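Biologist: Please take me closely through one part of this model, beginning with a single residue and working outward to whatever surrounds it. I would like one connected account rather than a list.

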Amino acid sequence: MRFFESPDGTRWKVDVKVPSFSSAMISFRHPNGASARRDRYAWYNSHMPESSDPRARLTPGQVIDALSDRDIAALFRRSMPVHTEWPGYFSRE
């Protein structure tokens, strides 16, 4: 686990979820912690040697250690909200 401070001064907790052999989901947890409505996520594509072997698996520790502060900032810039108020295509409204 690491922390990232966004340009507005918010200090986000950075976690690695769903690691595979070549990618992982990076989650940015909002500090209020009361709800996931402000949490964000982005996908990280690995260039480690394990990424060419589908039988291998990245570990969260490997991924978080491979990310520089600059990489985390770039992932945050292109991250997406976990929750949105927009209705889905198949809403029942």
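**Around S79**

Modeller: Leaving out residues up to four places away in sequence, S79 touches F28, R40, Y41 and A42. The model is a predicted one, and what follows should be read as a description of that prediction. S79 sits in the loop between α2 and β5, and with a relative accessible area of 7% the residue falls under the 20% limit and therefore counts as buried. The side chain of S79 also has a polar partner, since one of its polar atoms lies 2.7 Å from the backbone oxygen of F76.

Two of the residues just named, F28 and F76, lead from the loop into the interior. Apart from residues up to four places away in sequence, F28 touches F4, W12, K13, V14, D39, R40, A42, I72, L75, F76 and S79. The rings of F28 and F76 have centres 5.2 Å apart, and their planes stand at 80 degrees, which is over the 60 degrees required, so this pair is edge-to-face. Because F28 belongs to strand β3 and F76 to helix α2, the pair ties together parts that lie 48 residues apart in sequence. Both F28 and F76 are buried.

F76 has a further aromatic partner in W12. Here the ring centres are 5.3 Å apart and the planes meet at 55 degrees, an angle between the limits of 30 and 60 degrees, so the pair is described as tilted. This contact again links distant parts of the chain, with W12 in strand β2 and F76 in helix α2, 64 residues apart, and both W12 and F76 are buried. Four aromatic pairs are found in the whole structure, and ring pairs join F4, W12, F28 and F76 into a cluster. R40, one of the residues that S79 touches, lies over the face of F76, 5.9 Å from the ring centre.

The wider setting is a nonpolar core. In the largest such core, which has 18 residues, F4, I26, F28 and V63 touch the most other members. At least two residues of this core come from each of β2 (11-17), β3 (23-29), β4 (40-45), α1 (60-66) and α2 (69-77), and the largest share, four residues, is supplied by α2. As a general background, nonpolar side chains in soluble globular proteins tend to be buried together.

The strands around this region form an open sheet of five, in the order β1-β2-β3-β4-β5, with antiparallel pairing. β1 (2-5) and β5 are its edge strands, each of which pairs on one side only. Within the sheet, β3 and β4 run antiparallel and are joined by six bridges, with A24 standing opposite Y44 in β4. On the other hand, the antiparallel pairing of β4 with β5 (residues 80-81) rests on two bridges, and there Y41, which also touches S79, stands opposite M80 in β5.

The loop between β3 and β4 adds another buried residue to the picture, namely D39. Its relative accessibility is 5%, so D39 counts as buried under the 20% limit. A polar atom of the D39 side chain lies 2.8 Å from the backbone nitrogen of H30. With neighbours within four places in sequence set aside, D39 is in contact with W12, F28, R29, H30, M80, P81 and V82, a set in which W12 and F28 are members of the ring cluster and M80 is the residue opposite Y41.

Taken together, then, S79 is a buried loop residue whose side chain approaches the backbone oxygen of F76, while F76 pairs with F28 in edge-to-face geometry and with W12 in a tilted one.

Notes: Residues are numbered from 1 along each chain as its sequence is written. This is a predicted model: local features need pLDDT of at least 70, side-chain atom pairs count only at pLDDT 80 or more; totals for chains, interfaces and linings use all residues. Side-chain values use heavy atoms; hydrogens and water are left out. A nonpolar core is a set of buried Ala, Val, Leu, Ile, Met, Phe, Trp, Tyr and Cys residues joined through side-chain atoms within 4.5 Å. Buried means under 20% relative accessible area, exposed over 50%, partly exposed in between (1.4 Å probe, protein chains only). Contact means heavy atoms within 4.5 Å. Two strands pair if DSSP finds at least two bridges between them. Rings of Phe, Tyr and Trp (its six-membered ring) pair if their centres lie within 6.5 Å; planes under 30 degrees apart count as stacked, over 60 as edge-to-face and the rest as tilted. A charge sits over a ring if NZ of Lys or CZ of Arg is within 6 Å of the ring centre and within 35 degrees of the ring normal. A polar contact is a pair of N or O atoms within 3.5 Å; within protein, one must be able to donate a hydrogen and the other to accept it, and residues adjacent in sequence count only if both atoms are side-chain atoms.
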